Amino acid sequence: MDLSAQLDPVLAVARASAHEVDATARFPEEAVAALRASGLLGLTLPTEVGGLGGGPHELAEVVSSLASACGSTAMIYMMHVSAAMSVAAAPPPGLPELLPELVSGQALASLALSEAGSRSHFWAPVSQSQRNGAGVRLQARKSWVTSAGHADVYVTSTLTADADTVDIFAIPAETSGVTVAGQWHGLGLRGNASAPMAVDVQVPESYRLGAAGGGLDLMLQTVMPWFNLGNAAVSIGLCQAAVEAAVQHTSAARLEHLDESLSALPTIRAQLARMSIELACTRAYVTQAAGRLAQPADDTMLHVLGVKAAANDAALRITDSAMRVCGGAAFSEHLQIDRYFRDARAGHVMAPTADVLYDFYGKAITGQPLF
Ligand SMILES: Cc1cc2nc3c(=O)[nH]c(=O)nc-3n(C[C@H](O)[C@H](O)[C@H](O)COP(=O)(O)OP(=O)(O)OC[C@H]3O[C@@H](n4cnc5c(N)ncnc54)[C@H](O)[C@@H]3O)c2cc1C
């Protein structure tokens with residue numbers, strides 16, 4: 001699928017504002033507007049509902065390209081896709097217009113899963129809904145929500161009323177009781193608006209995605225595969241940008257007294273080689289994981305677990321090396337390597353965190369239950 005007609009204009013807008021978005025920690029409104037207009041918000045949604053019908057490979061391509069231009073825009077986009085895919089998997093009957101709006105770009109979605117009480121264990125909300133005559137009362141403290149205050153719909157988890165299972169609801173942003181409850185000051189992905197939110201809403205049961213108690217399955221079978229792949233693709237894009245910037249800078253920077261460039265130093269060029277090779281290996285793994293999602297096999301879940309951890313860790317190493325080979329110059333904002341370095345650290349702590357994924361992967365290959 002050739003996506004350049006949709007993607008190139010978005011990349012131009014995202015690239016032009018990325019530095020300022022990071023410096024001022026503001027939401028990348030213009031890049032998100034370009035995404036809405038491009039049709040890419042419906043990239044992975046089925047053609048029957050007007051989406052582009054793209055799959056995991058297309059997602060990885062679009063997200064990694066966006067991340068090379070602006071990490072915040074890429075993460076906002078991939079949170080939208082993860083939320084939209086869960087809506088497509090189990091459309092809430094009470095919101096029949098939601099899927100078409102997600103496709104058309106009218107609605108930007110996000111995931112509101114993490115809670116203050118259960119921290120990065122996103123699969124275990126501690127909030128519990130209550131059933132009443134009017135439907136469901138949902139009260140939750142969501143500790144970080146990407147696009148908080150900017151999304152049009154929040155895909156939100158909570159414990160099922162009177163049960164120890166999980167429900168997922170689509171909560172339109174205009175619902176009374178949906179409020180941004182703090183500010184986002186991140187080390188990286190500073191444009192994400194990943195602020196805490198307070199949810200105290202009364203919604204009909206028909207806003208639920210799937211059957212009562214089906215939330216954990218939806219998170220594990222739909223949200224996690226798309227989220228982990230998309231998050232890994234953000235890491236790839238940041239690595240790509242860091243490698244390019246490091247090669248460019250070390251090739252251009254001169255040691256005039258020796259009449260050579262920084263990249264002529266064996267230590268520097270060996271480090272550049274290691275970065276480039278690790279990027280190629282990790283990209284190949286991400287492509288393989290995308291293939292396993294597109295055509296499920298026995299080891300698909302292993303790829304889902306492994307791909308985010310591997311790509312997040314590669315991003316930490318590669319962007320750290322880029323800082324190192326570019327020396328003091330990397331601290332100056334014109335190289336933008338500091339931004340890639342800071343943005344890369346965010347993917348690592350986004351749940352499921354890399355360390356949790358290693359634990360799950362270890363359980364999976366030793367025949368132990370994940371939970
Ligand atoms: C930029 C950004 C955007 C985010 N956007 C969203 C969003 O849109 N929606 C959303 O729901 N959440 C979002 N989050 C929240 C995120 O998914 C995590 O829930 C959050 O980062 C966890 O932080 P914490 O301090 O609670 O981590 P903790 O849970 O306190 O973890 C601390 C450390 O303990 C480790 N740890 C915890 N449990 C285990 C375990 N079982 N095994 C091994 N190690 C473990 C972790 O890996 C981590 O290193 C976002 C976070 C960031 C940074």
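**Exercise 1.** Determine how many helices and strands the protein chain has, and how its radius of gyration relates to the globule rule.

*Solution.* Counting DSSP runs (helices are H or I with at least four residues, strands are E with at least two, numbered from the N terminus), one finds 10 helices and nine strands in the protein chain. The radius of gyration, taken over C-alpha atoms, is then set against the globule rule, 2.2 Å times the number of residues to the power 0.38. The value is 21 Å, close to the 21 Å that the rule gives for 371 residues, so the chain is as compact as a globular protein of that length.

This is a predicted model, in which local features need pLDDT of at least 70 and side-chain atom pairs count only at pLDDT 80 or more, whereas totals for chains, interfaces and linings use all residues. Residues are numbered from 1 along each chain as its sequence is written, and side-chain values use heavy atoms, with hydrogens and water left out.

**Exercise 2.** Identify which residues come nearest to the ligand, and find the polar contacts of Trp144, Ala351 and Thr353 with the ligand.

*Solution.* A residue is near the ligand if one of its heavy atoms lies within 4 Å of it; of the 21 residues around the ligand, Ser114, Arg119, Ser120, Ala351 and Thr353 come nearest. For polar contacts (pairs of N or O atoms within 3.5 Å), a polar side-chain atom of Thr353 lies 2.6 Å from a ligand oxygen atom, and a backbone N or O atom of Ala351 lies 2.8 Å from an oxygen atom of the ligand. A backbone N or O atom of Trp144 lies 3.2 Å from a ligand nitrogen atom.

How values were computed. A polar contact is a pair of N or O atoms within 3.5 Å; within protein, one must be able to donate a hydrogen and the other to accept it, and residues adjacent in sequence count only if both atoms are side-chain atoms.
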